[in-house]
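Subject: Structure handover

Hello,

Here is the structure to pass on to you. My notes on what was found in it come straight after.

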Amino acid sequence: MKIGIKGIKGIRRASAVAVTTGAVLTAGAFGSQAQAASLPAPGITAPGGFVMNNGTGSTLFAKAADTRRSTGSTTKVMTARVVLAQKNLNLDSKVTIQKAYSDYIVKNNWASSARLIVGDKVTVRQLLYGLMLPSGCDAAYALADKFGVGSTRDARVKSFIGQMNTTAKSLGMKNTHFDSFDGIGRGTNYSTPRDLTKLASNAMKFSTFRTVVGTQSTKQKVTTSNGGYRYMSWTNTNNLLSSYKGTIGVKTGSGPEAKYCLVFAATRGGKTVIGTVLASSNLANRTADAKKLMDYAFKK
């Protein structure tokens, strides 16, 4: 087959275009990689921080990610996780609120409350809202009492905390230990940014958990001791739900030892990032650090 001069020139032009196009595409790819590589790390003020791509599990940023620290009420992520993993769980089963739960709030000055009323009958689902939105330590106590095993309340609580530690071990949380159901620890309640992120990622697989932690506020109808009803209104302590686009959860925490903690998650453009900051000096820095980590993670 003969190829004329015009045909040869056409082939040369086509080859030149192909080479040029390939060079542009290659340059663009390398340019994107270089841009990602040169992205400055977020300057968070918290002593500990971690963020990962929830879809791939890849680490996007870590700062003292495996250093053990007090966790405050971020502990309640595990409380909820243990409840939701119970066999034959009935979220609509009712729990009668005991005086011991309210006494616990009075005894522990730092304890946050869902303001549960003694004698009221509250469903497990409602207790999860009371646990995760206003961070109710009374709700945490009620759940531990309900799902622990034993003939006394103390035994049931001890059993429930045991379930929390067994779950932590099963999830590979190597630097985590719980000695309480709510984060008001006795000196051995600790975790790390990496471990708490791993826990939250797993908890978010439960649809009820996702629904609860993604709720900004709720009004729940509960049954009173005389058979009537009252409404309980709870607002989420996680202000990222209203201040950071795409936020889907998960839990705040604070305490004299823990300072200000936050486990967070957000989805943008089909990408979900999830992470933790521990021991921030104040609420504003906690929020700012979480936003910095998510901004950075979405660009990676």
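Strand β1 (residues 48–53) and strand β11 (residues 271–280) run antiparallel and are joined by six bridges. Within that pairing, Val277 of β11 stands opposite Gly49. Please keep in mind throughout that this is a predicted model.

β1 also pairs with strand β2 (residues 59–63), again in the antiparallel sense, over four bridges. There the bridge partner of Phe50 is Ala62 in β2. Five residues lie between the strands in the hairpin of β1 and β2, and Gly57 takes a positive phi near 80° in that hairpin.

How much of β1 is buried? Six of its six residues are, so the strand is largely enclosed by the rest of the structure. The cover is on both faces: Gly48, Phe50 and Met52 are buried on one side, and Gly49, Val51 and Asn53 are buried on the other. Two of these residues have come up already: Gly49 as the residue opposite Val277, and Phe50 as the partner of Ala62.

A second hairpin is formed by β7 and β8, with five residues between them. Strand β7 (residues 217–223) and strand β8 (residues 229–235) run antiparallel, and seven bridges join them. Trp234 in β8 stands opposite Thr218. In the turn, Gly227 has a positive phi of about 90°.

Next, the helices. Helix α2 (residues 76–84) is largely enclosed by the rest of the structure, because nine of its nine residues are buried. The buried set includes Lys76 and Arg81 as well as Val77, Met78, Val82, Val83 and Leu84; Thr79 and Ala80 also belong to it. What covers the buried residues of α2 includes five helices and a strand, namely α4 (124–132), α5 (137–147), α6 (153–170), α7 (193–203), α8 (207–213) and β9 (247–255).

One of those covering helices, α4, is itself mostly covered, with eight of its nine residues buried. Among them are Val124, Gln126, Leu127 and Leu128, and the run Tyr129, Gly130, Leu131 and Met132 is buried too.

β9 appears again at the largest pocket. That pocket has a volume of about 470 Å³ and is lined by 31 residues. Which elements give two or more residues to its lining? They are β3 (69–70), β9 and α10 (283–299). β9 gives the most, with five residues. Nearest the centre of the pocket lie Gly72, Ser73, Trp110, Ser254 and Gly255. By residue type, the lining divides into 15 polar, 10 nonpolar and six charged residues.

Some totals for the chain:

- There are 10 helices and 11 strands.
- Of the 300 residues, 47% are buried.
- Taking contacts between residues at least 6 apart in sequence, 62% join residues at least 24 apart.
- The accessible surface comes to about 14,400 Å², and carbon and sulfur atoms account for 54% of that.

That is what I have on this one.

Regards

Note on methods
Residues are numbered from 1 along each chain as its sequence is written. This is a predicted model: local features need pLDDT of at least 70, side-chain atom pairs count only at pLDDT 80 or more; totals for chains, interfaces and linings use all residues. Side-chain values use heavy atoms; hydrogens and water are left out. Two strands pair if DSSP finds at least two bridges between them. Buried means under 20% relative accessible area, exposed over 50%, partly exposed in between (1.4 Å probe, protein chains only). Contact means heavy atoms within 4.5 Å. Accessible areas come from the Shrake-Rupley method with a 1.4 Å probe; for residues, only the protein chains shown count as cover. On a 1 Å grid over the protein atoms alone, a cavity is a set of points where a 1.4 Å probe fits but cannot get out, and a pocket is an open set with protein on both sides within 12 Å along at least five of seven lines; lining residues have an atom within 4 Å of a point. Grid points are joined across faces, edges and corners, and a volume is the space filled by probe spheres set on the points. Ala, Val, Leu, Ile, Met, Phe, Trp, Tyr, Cys and Pro count as nonpolar, Asp, Glu, Lys and Arg as charged, and the others, Gly among them, as polar.
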